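Reader: I am new to this structure. Please pick a single part and take me through it closely, step by step. Then show me how it sits in the rest.

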Amino acid sequence: MKALQELIEDISTLREDEIDCKRLQHMVAKHQIDINQISGIEIDDNSDYFRKPILQDLVNIYLMYWPAGIVSSIHQHCNFGGIIKVCKGKLYERSFKYLHEQLALKELAAQNYKEGDILIEEPNAIHEVSNPSRTEMAVSLHVYFPGVQNLSGSRLFDVKENKIAILSDKASSFGWNQPEEAFSEVSSTPIHII
Ligand SMILES: [Fe+2]
């Protein structure tokens, strides 16, 4: 827990004009977070991925828990970026660009990340993150900036059900499995990956 507290203290000292990706990335890289020392989380093997809020300020910090085999939606953060550090297990990320005229998601890259690795989420980038392990939980630390009060305006893409959704300020995650009020718009769109 000490490293996480130190990271929070480091980040809390930053003024608004000092918050940038490089500085946050440096701080996140510096602290080795031992997930075994963080208590209070009971994991249900069948649960969806879920996040535990750590800090809600100029920067938002979460711990994200990824059950074995879980895959996030393909999603686009609206106007905020993030730094993800793998604290336990492995993550796999596919990144995309949306080609509006072709109604297609072009896959740009796919990459594996192991414990200690850092992923950078550029503002407005589109991606899917999963835990590729069939047996082991993964845990990651997420630092989002600028801090946002809600996920309003962020987009989800579903290539199996052919739909695109825009999240409302009631959304609590980038998941499809949320109450209707979490979505401000859902459109049927024959979208595919190229
Ligand atoms: Fe994301």
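Author: Start with one pair of strands. β1 and β2 run antiparallel, and six bridges join them. One facing pair can be named here: Lys52 stands opposite Leu63 in β2. Keep in mind that this is a predicted model.

Now widen the view to the sheet. Five strands make up this open sheet, in the order β1-β2-β9-β4-β7. Its pairing is antiparallel. β1 (50-56) and β7 (118-121) are the edge strands, and each of them pairs on one side only. On average, neighbouring strands in the sheet are turned by 20 degrees against each other, direction ignored.

Next comes the helix that goes with these strands. α2 lies across β4, β7 and β9. Its direction is at about 10 degrees to β4. Look at Leu24 for the contacts. Setting aside neighbours within four places in sequence, Leu24 is in contact with Ile11, Ile19, Val59, Ile83, Val143 and Phe145.

Leu24 also belongs to a wider group. The largest nonpolar core has 27 residues. Leu24, Val59, Val139 and Val143 touch the most other members of this core. Five elements give two or more residues to the core: α1, α2, β2 (60-66), β4 (81-88) and β9 (138-145). The largest share comes from β9, with six residues. Another core lies apart from this one. That second core has twelve residues, among them Leu105, Leu151, Phe157 and Ala171.

Turn to the other helix, α1. Which of its residues are buried? In α1 (residues 2-12) they are Leu4, Leu7 and Ile11. Seen down the helix axis, these buried residues fall within an arc of 60 degrees, so they line one face of α1. The other side of α1 looks outward in its burial class: Lys2, Gln5, Glu9 and Ser12 are exposed there. What covers the buried residues of α1 includes α2 (21-30). Ile11 brings the two helices together in this account, as Leu24 counts Ile11 among its contacts.

Now step back to the rest of the chain. It has two helices and 13 strands. Eight strands form an open sheet, with mixed pairing. Their order is β12-β11-β10-β3-β8-β5-β6-β13. β12 and β13 (192-193) are the edge strands of this eight-strand sheet, each pairing on one side only. Inside the sheet, β5 (residues 91-99) and β6 (residues 104-113) run antiparallel and are joined by nine bridges. Tyr92 stands opposite Asn112 in β6.

One loop residue ties back to the start. Ser173 is found in the loop between β11 (163-167) and β12 (183-188). It counts as partly exposed because it has 19 C-beta neighbours inside 10 Å, and a buried residue needs 20 or more. Not counting residues up to four places away in sequence, Ser173 touches Arg51 and Gln178. Arg51 falls within the span of β1, residues 50-56.

Last, the whole chain. Its C-alpha trace spans about 50 × 40 × 30 Å along its principal axes. A compact globule of 194 residues would have a radius of gyration near 16 Å; the chain has 17 Å, which agrees. Of the 194 residues, 28% count as buried. Among contacts with a separation of 6 or more, 70% come from residues 24 or more positions apart.

Note on methods
Residues are numbered from 1 along each chain as its sequence is written. This is a predicted model: local features need pLDDT of at least 70, side-chain atom pairs count only at pLDDT 80 or more; totals for chains, interfaces and linings use all residues. Helices (H or I, at least four residues) and strands (E, at least two) are DSSP runs, numbered from the N terminus. The arc is that of the directions from the helix axis to the C-beta atoms. Two residues are in contact if their C-beta atoms, placed from the backbone, lie within 7 Å. A nonpolar core is a set of buried Ala, Val, Leu, Ile, Met, Phe, Trp, Tyr and Cys residues joined through C-beta atoms within 7 Å. Two strands pair if DSSP finds at least two bridges between them. Axes are lines fitted to C-alpha atoms, for helices over the stretch in contact, and angles run from 0 to 180 degrees between N-to-C directions. The radius of gyration is taken over C-alpha atoms; the globule rule is 2.2 Å times the number of residues to the power 0.38.
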